Structures are given as structure tokens and as C-alpha cells.
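User: I'm new to this one and would like to see how the labels are earned. Can you take me through the reasoning?

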Amino acid sequence: MENPASMEGGNEDLRRPEGPTTTVDTDYVIGQDNIYPKVFGLKFDLHGSVFTISSLVILAFVLLTLALHDQVEPLLNGIRDWLTGNLTWFFILAGNIFVVVALALIVTPLGKIRIGGPDAKPDYSYAGWFAMLFAAGMGIGLVFYGVSEPMSHFSSSLAGTTVGESGLRTDWAPLGGAQGDQAAALSLGMAATIYHWGLHPWAAYALVALSLAIFAYNKGLPLTMRSVFYPILGERVWGWPGHVIDILAVFSTLFGLATSLGFGAKQAATGLNYLFDIPNNDASLVILIAGITAVALCSVMAGLDKGVQRLSMINMALAFLLLFFIIAVGPTLAIATGFFDNIVSYLEYIPALSMPFGREDANYSQGWTAVYWAWWISWSPFVGMFIARVSRGRTVREFLISVLLVPTLVSILWMTAFGGTAIEQLVSTGFTGVQDAALELKLFEMLNQLPLAAITSSVGIVLVIVFFVTSSDSGSLVIDSITAGGKMNAPKPQRIFWCIIEGAIAIALLLGGGLGGLQAATVSTGLPFTLVLLIACYAIIKGLMSEPTEGRLVRRTRT
């Protein structure tokens, strides 16, 4: 089975539409604005404007962050606090719009349109396709937050609300909490967790992926973010307006990946300290990130089929093996019943949790939801591009149902198994180790109460590392495609360059601002790209409406 990120093979991978479609009539040729420098005997194929600006700004950011450590940390935290304190409503409202647009496309006649043309056939079986969807948008985050977030929301809900001298709430409980009521706190806590891992993030992924797929496979445009905006900008999309869109996509993807690497490295370092007493300090984090990046580089050099594909399959097997182990040896009945109860709780609480205005639970909505939404949106160009790559031949309705519902259900099962087990340990046995542990240590404290703790904890560390290796390789490929003007067979050294940059940004942010710095970078890059995605909602609807439907004459026009 091909790896979900596998786009290698050149521009011929973007096959012409099969059957009647409304392709875009443009004189633009992929790579026409590229430059071809040769450095140390290595040949490059780069979009002059997008690559130059992206790489110089990012390199300057890394150097300044490392050089001005003491000044950067408060600056980054200040940016995060201002954005989440003032624009949380914007992130939440945008997330709601993405869900509404995605659900609306499912039920309208536009859902019948097929990606790649009416005669296109799916490239992958359902089993292979669903496996790729899982690998695409989930990974380090599930391992890092699978135990900690359900426990955090359960504990804060159970503790109830507190008000400070200013008259504002100081607690972290979602909504109004559920003080003293364990059953209600469990229901609210799991709903608050699933809200962050359910329909809303996957709607953002789905819309980016669908937009890229339709404009590439039905309209015949390059597989880059700028192509989505052709209905709005027309031929100007090949000029500076398009350059800005692609540069924002590069920034968003890089900082999203760096954030994930930072969180993953922090958890892996904590796990190694927990299991083997290896020092957990900045030096260990830098060495770990450098090591993970080196493995990713080996994967890049080995190629997608021999490198990332094998790692992806191993990672998938380990992830589900660990999940099924937790279900089997943990509170199996509570997990089984909790899965369905949590779906009901999610549907019950989602209207209140997704309300953008009049919120009193500032710590939850600003400190959790706003950061999450920025994080998901920053990942959307990267995830969306390779979801688009593997979804040719699916109808819009089939695509959206699968991309929205299947990963949401997997996320609910994962959170129910991992978080539910930790909560059950607290409620039934009085074990407070998970509740009291640091964020990145909660997974290992939960596993320590189950059989084979050393083995399962080691598997958790391996999962974090390999998830990032596959994400780094795939992300490098996506960024390389964007900075190569939409080419999908650009020279391999370019992908190696971006792989190294991802690790460098993660190191710079961790040293410059810790986890808070990572969150700040995510929120900062997620904000402008949220605006890009909101405009893309209009573009994809307009693009789909221009597609020929049954009984309508086929015509070749400008979209």
C-alpha cells in the first residue's frame, strides 16, 4: 500500500480528469517562475519568490530566537496571550463555519461530483484509504493528550468554578463545570476533549483537502494552495497574491510540524527519564530532536516507498496494538460503554462548547480551544495536501463523510480508552498518580498501573518518535512542492533542507520559549491562515458549482 504522503513520481501524478469536467483555461505552466541554482554540485529547482522569502524569514526567525532567548520567551507568550484573549471568538466561529460548510456539501447535489472526473476510479480500497486518513491527521497529539486531556477536563469539571478578586473565573473547567458530580464531570470532561479532536479539526482538514483535490484533479491546476483561489483571483493567482498564499502555507505547515515535534520530544524525553533515568533537560531535548530529525533525513534519503511507507505501517500497527492492549487489560466494559456514552455527551454539549460569544470559561476556551484550532489550521495545508493526493476517484459526499466521521470515531475510541482508563483508575482505586503528574508524564503513570508497563511505555515513546519521522518526511515533501512552484518531482536535497529546518525551528522554539513558545508560534501562524481557509470555503463552493452535472452541457471555461 502506498504511503499517504506519497506524491513522488513527478507531475504526471496529476492525471488529467476522466470524463467531462470544467477545466481552467490558463496559459500558466508549472515551474515557469522557477530558478535552477547549483550549490556544491547539487541541483535545485525552486520557485524564486516563494522559496527565497520563506527560507530567509524562517532562518532569521531561528537565529534571532536562539540569540535572544531571554527576550523571545516573554514576547512569544505575550503574543499568545493577546491573540487567545482577544480573538478566541474568531477561531471558534471559523471552526463552526468549516463544519457547517462541510456538512452542507454532503447533503447538497454538489456531493455527487467525483474527484478526478465522473469516470475516475478510486486509487485505493476503503481499508487502505481509511488507514491513510488515520496516519494523515493523527499522531503525536493523540499520544501526548490521549490521557492528559480527558483527565484534566474531568478534574477541573469535578472541582467546579472559582472566581477571583477581579470577578472573573480562575478555574479551567469547561462551561459551568459539574462540581461534586462524578458522572456529570466525566460526561462533560470527555465531551470537552472530543470537541477538540472531533468534527471541527477534521472539517478544516477536509475542506483544504477537497479544495486542493478539485482544483488539481478536476480543474487541472497545480497541487498548491494558490490554485484554490483561482475562482477569486483569476490569473493574478500566479503573481504576488498567490505567492503570499503559498508563503503563508509554508509558515503554517512548518510551525505546526515544529510544534508537534516539540511536544513529542518533551514527552519522549520525559518517558526516557521515567523509564531509564536519563536526564530531562534542554540538552536532552536538543539531542532528541536532532536524533529524530536525523532519522527523518534517512527516511527522506531512502525514498517514500522504502522509508516512510514502512515506518508508517509499523507505526500504524504499534498504535492499534497499544490501543487494543489498553482495551483488553484496562476497564474493558467501561471503555465499551463509555465509547457510546461519550458520543452522546459530545453531541449534547457541542452547541455550548462551540458557542463563540458570551463565554465565561475563559481558561478552557482560550487556553485550550483557541490554541487547538490554530494548531489544526496550521496543519491543514500539510494534511490536506496528501489527503487530496490519495482521494482521487471518490465523490465529494463519500469523501466528506469518510474524512469527517471515520477519524472522529477513531479519536473518540482512543480518548475513551486512554483517558477513560486513567479516570477509572482515579475513581475506582483512588490512584492519583495520573492526576498529579506533569502533562507529559500522565501517559506513563497510567500505563504503569497496567501489566507490561515497561514495554507499553517504550512503545509509547517509539510511537511519538516514528509519528514525527513520518510527519516530518511528508511535511518536507509538501513544503518542497509548494516552494518548487507546484512541482512534485523536485530534487531531493530540497526536501532534506526543509526537514532540517523543521528540527531547527523546534529546537529554537523550545529553547526560546518552551511549550508556551510552541503554542505562541502555532497561534500566530494559525491566525492568518484561518483567514485564508475562510476565503477558500467560498472558492471551493464556486469551483464545485462550475462542474458539469447530469443534464448540463459540458463546456471548457475559465472558472
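User: What makes Asp45 and Lys487 a salt bridge?

Analyst: Keep in mind that this is a predicted model. The closest N and O atoms of Asp45 and Lys487 are 2.7 Å apart, and the cut-off is within 4 Å, so the pair counts as a salt bridge. Asp45 sits in the loop between strand S3 and strand S4, while Lys487 is in the loop between helix H16 and helix H17, so the pair ties together parts that are 442 residues apart in sequence. Both Asp45 and Lys487 are buried.

User: How many salt bridges does the structure hold?

Analyst: Eight. Another one of them joins Asp171 and Arg169, again with 2.7 Å between the closest N and O atoms, and both of these residues are buried.

User: Why is Glu398 called buried or exposed, whichever it is?

Analyst: Buried means under 20% relative accessible area. Glu398 comes in at 18%, so it gets the buried label. Arg394, its salt-bridge partner at 3.1 Å from N to O, is at 4%, so Arg394 counts as buried too.

User: And what share of the protein chain is buried?

Analyst: Buried residues make up 61% of the 559 residues.

User: How do you know how compact the protein chain is?

Analyst: The chain has 17 helices and four strands. Its radius of gyration is 23 Å, close to the 24 Å from the globule rule for 559 residues, so the chain is as compact as a globular protein of that length. Along its principal axes, the C-alpha trace spans about 70 × 60 × 50 Å.

Conventions:
Residues numbered from 1 in each chain as written. Predicted model: local features only at pLDDT ≥ 70, side-chain atom pairs only at ≥ 80, totals over all residues. Heavy atoms only, no water. Salt bridge = Lys/Arg side-chain N within 4 Å of Asp/Glu carboxyl O. Helix = DSSP H or I, 4+ residues; strand = E, 2+ residues; numbered from the N terminus. Buried < 20%, exposed > 50% of the residue type's maximum accessible area, 1.4 Å probe, protein only. Rg over C-alpha atoms; globule rule 2.2 N^0.38 Å.
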